[in-house]
Amino acid sequence: MGVDILPLVTSIVTFYGIYLILALSFNIEYGFAGQPNFGKVFFYSIGAYVAGNFTANMLMRASGVTGVDFCSDLAAEVRFKVAMSKPWLIIALFLLSLLIAAAVGGVFGYLTSYPALRLSGDFLAIVLLAFGEIGRVFARNYTPLVCGVYGLSGVPNPLVWIGDPRMARLAYSAIVLAIAFGMYLLTERLVNSPYGRLLKSIRDDELVSSVMGKVTPRVKGSALIIGSSMAAVAGVLYAFYVQTVVADDFIPIVTFVVVTMVMLGGVANNKGTLLGAMVMTLMDRLTRASFLRILGISVGFDISYVRYIVTGLLIILILMVKPEGLISEKPLKTPAIEEAEKLS
Amino acid sequence: MLQLAAPLLTALLLGSLYTLMALGLTMTYAVTSIPNFAHAEFVTIGAYIMAVAVNFGKLGLVGGLASAFLFAALVALATDELVFKKLAALGATPLHLLTASIGVGLVLRYTLSIVADLKGLLSVKTRVVVNPVATIGQAYLTTLHLWAVPTTLAVVAVLHLVFMKTKIGKAMRAMASNLDLARVSGINTTLVRRVTWVIAGGLAGVAGGFWSVYSPINPETGWVALLWIFAASILGGFRSFYGTVLGGYVVGFSESLGITFLSRYLGVNVAYKPMIALLIIVVVFLWKPTGLAEVTPRGLLESLKKAVGR
């Protein structure tokens, strides 16, 4: 029996890339800077909204078709046709979406520093969770953004012109993974720089840092800008992968999954984040009805429930047994320390 | 004016139920410093127990509510004994406790979902006959109002007496204001903690029971209501008993009346309703973290004078 596992592999690779970016961004904000951004899904959704709205609008304009409802199935078809015929256009739109989303995400991250400077810990987490829900309630009711409750479909894969949709998806997943890995290297570089040390010092004792003359509010704000920008990029990658943008995809549980990745893998350790994101991605992808069908298993209830229960259990277990995560925080890598290690 | 009768009566009912739910959230936060997201599940469990007890167990309204109280209280106690107490002993931060409560909530909610899905109970309503007792304009005052509103007021009165007159109530207040001091004063903090969780879970369960009479329930019922519960509790100052009672009714009225006003006079889509609760949470936390708890007539007068004087 020939079982086609290519779609499964593609989806695991793509979602690993997307979740890795989200987890890295949460690790910068929470792990290194101590700001629990429980509104993560909001910044993720911003990327998806920007990508969806901007790309769809531009494609409609390029098609020259007028008088068609932006949200209709016909419009989605028109957009696919344009993307098929103009490879350079859809690639340019993809790259522009990434840039615009990163900028918009950064702006919203800057706005987030307003509550972050007034609150901390659990209260900040609650307010940012509320921010995320405000964004979702707004997006599902304000139809010009992404067509409200029904969502915007017809955001073509940027490589759709390859022809074979399976190959296009596979190639796209490679791009996502490459971007995610680039983000990983950048994050590693960032947190091992003097800036990373500054973040940690503020997390551990803000008073000491400010006595040393650091403008701590500005630094906290900058961490949120970086994190939100990254999350928005992940949102763009998601929108172009699933090719639809629905506001109700961005529910708080997405944030909780990202939080679990970081807490499971290891807070303030990017290698831990690599691991945590892998564990959670596999769990996310392998508890789908489509995967169970490959194994020939069927259950009498919605399999998503199992995924949520396991996520909940993982959160509880990790906090009770190993609150620092599987791979705990390591000393910073600075040139001086590396030299010292070589000598000894 | 008569047009407002229906939303007013709904507001009265919702306010009562939110108060019942939020009281427990405030109590567990004040005594154990856990912003408990799993509180939503106590509501849902109470609602399901009520529906099953009445529809299949042939228990009456009182019997159903009693079993809802009992089950939800037991689940609440179990979550604390198995998770929160141990985490607190390990010295978990409030943020870790919050995250753990989200985990507990996920486990409870979706375990219930599996059971409900297998038993074909993804949407049920408690079959209790609700009769209109009076008509106001086009709105009905029903027996449900006559049950839920006085129950809430009675609970508030009893809790008031417990906090003021009994040893255990005073011990709770002591733990809420300073845990270490309470402990060195010889208070049995373990016992007080247990009693707090039992009352918190039980009241949420009773509120859930009433909710299942008011409208059909599903495993997400509590999670959807949680937003309003948090809004009520936070508006009340998050640690204050009387603040929460006020917060519960204010939130109930702003949900029902607020959206009626907004949609009728400003043309706002009814689907924006959750925004009211979300904005309450954000605004209170950012600009007045003590909520309504420290709003006194004198304080209002002072700030008014200041504003005029300026």
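This is a short tour of chain B, from the whole chain down to one pair of helices. The model is predicted.

**Stop 1: the whole chain**

Select chain B and show it as a cartoon. You will find 12 helices and two strands. Trace the chain from the N terminus: the order of elements is α-α-α-α-β-β-α-α-α-α-α-α-α-α. The radius of gyration is 20 Å, and the globule rule gives 19 Å for 310 residues, so chain B is as compact as a globular protein of that length. Along the principal axes, its C-alpha atoms fill a box of roughly 65 × 60 × 35 Å.

**Stop 2: inside the chain**

Keep chain B selected. How many of its 310 residues count as buried? The share is 50%. Now think about contacts between residues at least 6 apart in sequence. In chain B, 76% of these join residues at least 24 apart.

**Stop 3: two helices that cross**

Select residues 39-55 of chain B, which form helix H2. Add residues 61-89, which form helix H3. Two packed helices are described by the angle between their axes and the distance between the axes. Here the axes come within 8 Å and cross at roughly 145 degrees. H2(B) passes H3(B) in a right-handed crossing.

**Stop 4: where they meet**

Show side chains on both helices. On the H2(B) side, pick out B:Phe42, B:Ile45, B:Gly46, B:Ile49, B:Met50, B:Ala53 and B:Val54. Residues they meet in H3(B) include B:Gly63, B:Gly64, B:Leu65, B:Phe71 and B:Val75. What kinds of residue make up the contact of H2(B) with H3(B)? They divide into 12 nonpolar, four polar and no charged.

Key
Residues are numbered from 1 along each chain as its sequence is written. Chains are lettered from A and ligands numbered from 1 in the order in which they are written. This is a predicted model: local features need pLDDT of at least 70, side-chain atom pairs count only at pLDDT 80 or more; totals for chains, interfaces and linings use all residues. Helices (H or I, at least four residues) and strands (E, at least two) are DSSP runs, numbered from the N terminus. The radius of gyration is taken over C-alpha atoms; the globule rule is 2.2 Å times the number of residues to the power 0.38. A residue is buried if 20 or more other C-beta atoms lie within 10 Å of its own, exposed if 12 or fewer, and partly exposed in between; C-beta atoms are placed from the backbone. Two residues are in contact if their C-beta atoms, placed from the backbone, lie within 7 Å. Axes are lines fitted to C-alpha atoms, for helices over the stretch in contact, and angles run from 0 to 180 degrees between N-to-C directions. A crossing is left-handed if the near helix is turned anticlockwise from the far one by less than a right angle, and right-handed if clockwise. Ala, Val, Leu, Ile, Met, Phe, Trp, Tyr, Cys and Pro count as nonpolar, Asp, Glu, Lys and Arg as charged, and the others, Gly among them, as polar.
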